[in-house]
Amino acid sequence: MQQNDTHEPMVLVHGGAGGSRDQDDGCQLAASNGIDRLRGGGTALDAAVDAVVAMEDDGRYNAGSGSVLCLDGRTVEMDASIMDSTGALGAVACIQRVKNPVLVAQAVAGTPHWLLAGDGAERFARTAGFPSHHEISARQRDKHEKLMRTLSGTGQATPGVANRAFAQHWNYDTPPAFKPCDTVGAVARDAQGRFAVACSTGGSAPSLLGRVGDTPIIGSGFYAGEQGAVAVTGIGEHIVRRLLAHTVYQWIADGMPAQEAADKGVALFPDEIDVGIIVLGRRDAGSASNREMPFAQMSGQMSEQVGK
Ligand code: ASP
């Protein structure tokens, strides 16, 4: 650990690359929940998780209650992760029927494993006391209908992927309803200088059943260590190939300013690939995205800055 470190408590929150800055208010509420938790003596991890729970419950972000519908129009599969600089690590992938996947990810950190997926993750959630929850928001129903129209038309639903690929590799129980992707994340630093990250997503659309992106994959969608914490959003299939969260973490650990690292991370991707990054280091913080991205940053002094 370096000398002269500042330990001003801080929380940064994003609401997904490709979202709208009109949704910054939800990020601000989430960041202020995190700061309240730190003020009450909570750890960086408590603060990051509280912030993400607020976003999962908001309903406007692609996580928890706002999660995107799968191509069959009824399944919701969610991914979430947590990590901190004291060694806590937990994630869930493709989990169904829970209200707050990030809380299940936090509970996984208390097991002998770091990642639980699918049916096993849901069964674990029940034994850990999380009740069954399956609600599809009107907003997601509308988005699904629009997606079906895109998949049936000539526009590409995923950059670089032919729409027919989803029909060709179809793995749902029901036939395709067509013929031929925003996530949340928070990074926090507490007064003791510990760092944490928490992330949650409903995945990307369109996707096949069982698809897992970067959000529950350590070093890709999230990373936290003694020098900082990083949360990433965007198209998981591209993000995992760059191990983006760990790459950006390593840059700040080597002394690069957080804003420069965030910008450099986004610049690794061609413009058509959605990507967004939030970074909190020992001395500074940064955020960058190549799409509109809801965002808030708050410090322990409640000196609020919104966006970059
Ligand atoms: N990264 C998420 C995924 O690929 C989606 C997102 O950030 O919007 O599952």
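Modeller: Let's start with a term: a residue is near a molecule if one of its heavy atoms lies within 4 Å of it. This is a predicted model, where local features need pLDDT of at least 70, side-chain atom pairs count only at pLDDT 80 or more, and totals for chains, interfaces and linings use all residues. Residues are numbered from 1 along each chain as its sequence is written, and side-chain values use heavy atoms, with hydrogens and water left out.

Biologist: Thanks! Which residues are the closest to the ligand?

Modeller: Of the 12 residues that surround the ligand, the closest are Thr 183, Arg 211, Asp 214, Thr 233 and Gly 234.

Biologist: What makes the pair between Arg 211 and the ligand a polar contact?

Modeller: A polar contact is a pair of N or O atoms within 3.5 Å; within protein, one must be able to donate a hydrogen and the other to accept it, and residues adjacent in sequence count only if both atoms are side-chain atoms. A polar side-chain atom of Arg 211 is 2.7 Å from a ligand oxygen atom, so the pair qualifies. From the backbone of Gly 234, an N or O atom lies 2.6 Å from a nitrogen atom of the ligand.

Biologist: And why is Gln 96 called buried?

Modeller: Buried means under 20% relative accessible area, exposed over 50%, and partly exposed in between (1.4 Å probe, protein chains only). Gln 96 has 18%, so it counts as buried.

Biologist: Lovely. Which residue does the side chain of Gln 96 join in a polar contact?

Modeller: That partner is the side chain of Arg 97, at 3.1 Å.
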